[in-house]
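Visitor: I would like to learn how to read a structure like this one. Please take me through it feature by feature.

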Amino acid sequence: QVQVIEAGGGLVQAGDSLRLSCAASGRTFSSYHMSWFRQTPGKEREHVAGITRSGTMTYYADSVKGRFTISRDNTKNTVYLQMNNLKPEDSAVYYCAVRTLYSGDHQYITSREYDYWGQGTQVTVSS
């Protein structure tokens, strides 16, 4: 069982920055592929950013490219999402997702490809 805890959400203004963090339990954090998703009411969960086990590959949704950066610190069992130049359309509940099964350093962008999830953290961007 992997416990996943997000932190860092809040209310900001358009153009501001925010950094989310996600701590995942387990001795083998460095073997987990990690991603951030977000969801708004009535919509499906959307993949935002992903990072491979070693952190050498990252990938992003087109809507956040150039503004968001995902990173990880395997010594702290933590993954981060730095969000810059936030827009009102970035408002959502952000979820951290853990994929424990290793099947190559690919892009995993659907929620069913992940095994464990955090409880979510709300990000609200006012215009």
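Guide: We will go from the overall fold to strands, cores and salt bridges, and you should know that the model is predicted.

Visitor: How many helices and how many strands are in the protein chain?

Guide: The protein chain has zero helices and 11 strands. Read along the sequence, the pattern is β-β-β-β-β-β-β-β-β-β-β.

Visitor: What radius of gyration does the protein chain have, and what would a compact globule have?

Guide: A compact globule with 127 residues would have a radius of gyration near 14 Å, and the protein chain agrees with this at 14 Å. The C-alpha trace spans about 40 × 25 × 25 Å along its principal axes. Of the 127 residues, 41% are buried. Among contacts in the protein chain with a separation of 6 or more, 59% are between residues 24 or more positions apart.

Visitor: Now the strands. How should I read a sheet?

Guide: Strands of a sheet pair through backbone hydrogen bonds, either parallel or antiparallel. Here, an open sheet of four strands runs in the order β1-β3-β8-β7, and its pairing is antiparallel. The edges are β1 (4–7) and β7; each has a single partner strand, so one side of each has no neighbour in the sheet. On average, neighbouring strands of this sheet are turned by 15 degrees against each other, direction ignored.

Visitor: Over how many bridges do β7 and β8 pair?

Guide: β7 and β8 pair over six bridges, in the antiparallel sense. To find the pairing by eye, look for S71, which stands opposite Y80 in β8. The hairpin of β7 and β8 has four residues between the strands, and N77 there takes a positive phi near 55 degrees.

Visitor: And at the other edge, which strand pairs with β1?

Guide: Strand β3 (residues 18–24) pairs with β1 in the antiparallel sense, over four bridges. In this pair, A7 stands opposite S21 in β3.

Visitor: Which side chains of β7 are buried, and which are not?

Guide: The side chains alternate along β7. F68, I70 and R72 point to one face and are buried, whereas T69, S71 and D73 point to the other face and are not.

Visitor: Next, the interior. Which residues have the most contacts inside the largest nonpolar core?

Guide: They are M34, W36, L81, M83 and Y94, in a core of 28 residues. At least two residues of this core come from each of β3, β4, β5 (46–51), β7, β8, β9 and β11 (121–126). Take L81 as a case: leaving aside residues up to four places away in sequence, L81 touches L18, R19, L20, W36, V48, A49, F68, T69, I70 and Y94. A second, separate core has five residues, including F37, A97, Y108 and Y114.

Visitor: Is T52, in the loop between β5 and β6, buried or exposed?

Guide: T52 is buried, at a relative accessible area of 0%. Not counting residues up to four places away in sequence, T52 touches H33, M57, R72 and D105.

Visitor: Last, the charged side chains. How should I read a salt bridge?

Guide: Side chains of opposite charge can pair when their charged atoms come close. This structure holds four salt bridges. In one of them, the side chains of D90 and R38 meet at 3.0 Å, N to O. That pair links distant parts of the chain, since D90 lies in the loop between β8 (78–83) and β9 (92–99) and R38 in strand β4 (residues 33–39), 52 residues apart. D90 counts as buried at 1% relative accessibility, and R38 counts as buried at 7%.

Visitor: Which parts of the chain do D90 and R67 tie together?

Guide: The side chains of D90 and R67 meet in a salt bridge of 2.7 Å, N to O. D90 is in the loop between β8 and β9, and R67 is in the loop between β6 (58–60) and β7 (68–73), so the pair ties together parts 23 residues apart in sequence. Both D90 and R67 are buried. Through salt bridges that share partners, R38, E46, R67 and D90 join into one network.

Visitor: Are K65 and D62, which also meet in a salt bridge, buried or exposed?

Guide: K65 is partly exposed, with a relative accessible area of 49%, and D62 counts as exposed at 65%. Their side chains meet at 3.2 Å, N to O.

Notes: Residues numbered from 1 in each chain as written. Predicted model: local features only at pLDDT ≥ 70, side-chain atom pairs only at ≥ 80, totals over all residues. Heavy atoms only, no water. Buried < 20%, exposed > 50% of the residue type's maximum accessible area, 1.4 Å probe, protein only. Pairing = 2+ DSSP bridges. Axes fitted to C-alpha atoms, helices over the stretch in contact; angles between N-to-C directions. Core = buried A, V, L, I, M, F, W, Y, C linked by side-chain atoms within 4.5 Å. Contact = heavy atoms within 4.5 Å. Rg over C-alpha atoms; globule rule 2.2 N^0.38 Å.
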